[in-house]
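Q: Hi, could you walk me through this one? I'd like to go over it piece by piece.
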Amino acid sequence: MNDRSTAAGPGRHFRPTEEYDGQVRCPWCESIETRLVSPYGPSVAEMMFECRDCGQGFGWLKWQHRLPG
């Protein structure tokens, strides 16, 4: 890989903690105090998170690089 290519694809620079930490709501306790554990889960369309409040792990489907509303 060169400096312009990453696991996210050519010319894309994936910065998971800057883009997703503290922005994805926990489905168990509804806290927004979450952190990205892995940009890839059981499938490449899923990201794995952990809630800092309740400690539960959960998956979130990524759709066109948008955060859930």
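Q: Let's start with a cysteine: is C26 buried or exposed?
A: Happy to help, and keep in mind that this is a predicted model. C26 counts as buried, at 1% relative accessibility.

Q: How many disulfides does the structure hold?
A: Zero disulfides are found here. C26 is in none, and its nearest cysteine sulfur belongs to C54, 3.8 Å away. A disulfide would need the two sulfur atoms within 2.5 Å.

Q: And C29, which cysteine sulfur is nearest to that one?
A: That would be the sulfur of C51, at 3.6 Å, and C29 is in no disulfide either. C29 is partly exposed, with a relative accessible area of 37%, whereas C26 is buried.

Q: Ok, switching to strands. What order do they have in the sheet?
A: The order is β3-β4-β5, in an open sheet of three strands with antiparallel pairing. β3 and β5 stand at the edges with a single partner strand each, so one side of each has no neighbour in the sheet. On average, neighbouring strands are turned by 40 degrees against each other, if direction is ignored.

Q: How many bridges are there between β3 and β4?
A: Four, with β3 covering residues 34-38 and the pairing antiparallel. One bridge to look at is T34 with C51 in β4.

Q: Same question for β4 and β5: how many bridges join them?
A: Five bridges, and again the two strands run antiparallel. Among the bridge partners are F49 with F58 and E50 with G57. M47 stands opposite W60 in β5.

Q: What sits between those two strands?
A: Five residues, in a hairpin formed by β4 and β5. G55 is in the turn, and it has a positive phi of about 80 degrees.

Q: Speaking of phi, which residue other than glycine has a positive value?
A: E30 is one of interest, with phi near 70 degrees. Most residues other than glycine have a negative phi.

Q: Where is E30?
A: E30 is in the loop between α1 (16-20) and β3. The residue is exposed, with a relative accessible area of 55%.

Q: Back to β5: which side chains point to which face?
A: The side chains alternate along that strand. F58 and W60 point to one face and are buried, while G57, G59 and L61 point to the other and are not buried. In a regular strand, side chains alternate between the two faces of the sheet.

Q: Now the rings. How many aromatic pairs does the count come to?
A: Two aromatic pairs. In one of them, the rings of F49 and F58 have centres 5.6 Å apart and planes at 15 degrees, so the pair is stacked. Both F49 and F58 are buried.

Q: And what is the geometry of the F49 and W60 pair?
A: That pair is edge-to-face, with 6.2 Å centre to centre and 85 degrees between the planes. F49 lies in β4 (residues 46-51) and W60 in β5 (residues 57-61), so the pair ties together parts that are 11 residues apart in sequence.

Q: Is W60 buried or exposed?
A: W60 counts as buried, at 12% relative accessibility. Its partner F49 is buried too, with a relative accessible area of 2%.

Q: Which residues form the aromatic cluster, then?
A: F49, F58 and W60 form one cluster.

Q: Last topic: which residues are in the largest nonpolar core?
A: There are nine: Y20, V24, C26, L36, M47, F49, C51, F58 and W60. The elements that give two or more residues to this core are β4 and β5. In soluble globular proteins, nonpolar side chains tend to be buried together.

Q: Which element gives the largest share of that core?
A: β4 does, with three residues.

Note on methods:
Residues numbered from 1 in each chain as written. Heavy atoms only, no water. Phe/Tyr/Trp six-rings, centres within 6.5 Å; stacked < 30°, edge-to-face > 60°. Buried < 20%, exposed > 50% of the residue type's maximum accessible area, 1.4 Å probe, protein only. Core = buried A, V, L, I, M, F, W, Y, C linked by side-chain atoms within 4.5 Å. Pairing = 2+ DSSP bridges. Axes fitted to C-alpha atoms, helices over the stretch in contact; angles between N-to-C directions.
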